[in-house]
Amino acid sequence: MLVHQILKSKGDHAVITVEPGTSVADAAQILAERRIGGLIVSKDGKKVEGIISERDIVRSLALRGAVCLSETVDQMMTRNPVSCSKSETADQVLERMTNGRFRHMPVVEGDELVGIVTIGDVVKARLEELAMEKDALEGMIMGH
């Protein structure tokens with residue numbers, strides 16, 4: 001399965017972005033309201049400057065306390081996050097996410113943000129693919 005198929009299965013949802021000067025408290029509010037785990041940081045919604053996740057915020061809270069909520073996302077974000085293209089396979093993306101120990105990956109074509117995939121999206125797609133392969137093999141064994 002390819003990344004563009006995963007994006008298609010997610011539906012036509014725009015990627016939620018925040019501008020670099022957004023407060024961490026506002027980013028946390030967006031994450032909670034949208035029930036998502038990560039936000040792309042971008043001035044124009046097209047060029048990825050960074051990514052901030054729930055994990056980033058929780059770790060900072062644990063280490064530094066509530067003072068971090070008044071900072072801006074560009075002070076806490078991961079700069080130049082690992083990204084993928086729509087033509088990459090689910091296995092390639094899953095391997096990079098697992099090795100890098102992150103759960104959100106921007107999908108970029110050229111220099112433009114076109115989507116985001118999560119480890120949950122990729123695992124779901126891979127499980128669906130395995131189920132189809134299993135059904136096909138069972139059909140061949142049973143002579144269907």
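How far apart along helix α6 are Glu129 and Arg126, counted in residues and in helical turns? I looked this up to begin with. Glu129 and Arg126 are three residues apart in helix α6, so about one helical turn separates them. I note here that the model is predicted.

**Entry: charged pairs in α6**

I checked the side chains of Glu129 and Arg126 and found that they meet in a salt bridge, 2.8 Å from N to O. Salt bridges with shared partners join Asp91, Arg126 and Glu129 into one network. I then looked up how covered Glu129 is. Glu129 has a relative accessibility of 18%, and the cut-off for buried is under 20%, so Glu129 counts as buried. As a reminder to myself, side chains of opposite charge can pair when their charged atoms come close.

**Entry: other salt bridges**

I looked up the count of salt bridges, and it comes to seven. One of them joins Lys10 to Asp121, with the closest N and O atoms 2.8 Å apart. This pair links distant parts of the chain: Lys10 is in helix α1 (residues 3-10) and Asp121 is in helix α6, 111 residues apart. Lys10 is partly exposed, and its relative accessible area is 28%.

Next I looked at Arg64 and Glu71, whose side chains meet in a salt bridge of 2.0 Å, N to O. Are Arg64 and Glu71 buried or exposed? Arg64 counts as partly exposed, at 41% relative accessibility. Glu71 is buried, with a relative accessible area of 19%. I placed Glu71 in the loop between α3 (54-64) and α4 (73-76). Not counting residues up to four places away in sequence, Glu71 touches Thr22, Ser23, Val24, Arg64 and Met76. Arg64 therefore appears both as a contact of Glu71 and as its salt-bridge partner, while Glu71 itself counts as buried at 19%.

**Entry: the strands**

I turned to the strands. Strand β1 (residues 17-18) pairs with β2 in the parallel sense over two bridges. Val18 has Val41 in β2 as its bridge partner. β1, helix α2 (residues 24-34) and β2 together make a right-handed β-α-β unit.

What does β2 pair with in the antiparallel sense? The partner is strand β3 (residues 50-53), and the pairing runs over four bridges. Val41 appears here too, with Gly50 as its bridge partner in β3. I wrote down that Val41 has bridge partners in β1 and in β3.

I then checked the two faces of strand β2 (residues 38-41), and both are covered. Gly38 and Ile40 are buried on one side, and Leu39 and Val41 are buried on the other.

**Entry: Glu19**

Where is Glu19 found? I located Glu19 in the loop between β1 and α2. I looked up its C-alpha distance to Ile40: the two are 8.6 Å apart in space and 21 residues apart in sequence. Leaving aside neighbours within four places in sequence, Glu19 is in contact with Val41, Ser42, Lys43 and Val73. Val41, a buried residue of β2, is thus among the contacts of Glu19.

**Entry: a patch on helix α6**

Last, I looked at the surface. Val123, Leu127 and Leu130 make a nonpolar patch of about 250 Å². Leu130 is found in helix α6 (residues 119-142). Leu130 is partly exposed, with 39% relative accessible area.

Notes:
Residues are numbered from 1 along each chain as its sequence is written. This is a predicted model: local features need pLDDT of at least 70, side-chain atom pairs count only at pLDDT 80 or more; totals for chains, interfaces and linings use all residues. Side-chain values use heavy atoms; hydrogens and water are left out. Patches are made of residues with over 30% relative accessible area and no salt bridge: like charges are joined within 9 Å, nonpolar side chains (Val, Leu, Ile, Met, Phe, Trp, Tyr) within 5 Å. Accessible areas come from the Shrake-Rupley method with a 1.4 Å probe; for residues, only the protein chains shown count as cover. A salt bridge is a side-chain nitrogen of Lys or Arg within 4 Å of a carboxyl oxygen of Asp or Glu. Buried means under 20% relative accessible area, exposed over 50%, partly exposed in between (1.4 Å probe, protein chains only). Two strands pair if DSSP finds at least two bridges between them. A crossover is right-handed if, with the strands pointing away from the viewer, the path from the first strand over the helix to the second runs clockwise. Contact means heavy atoms within 4.5 Å.
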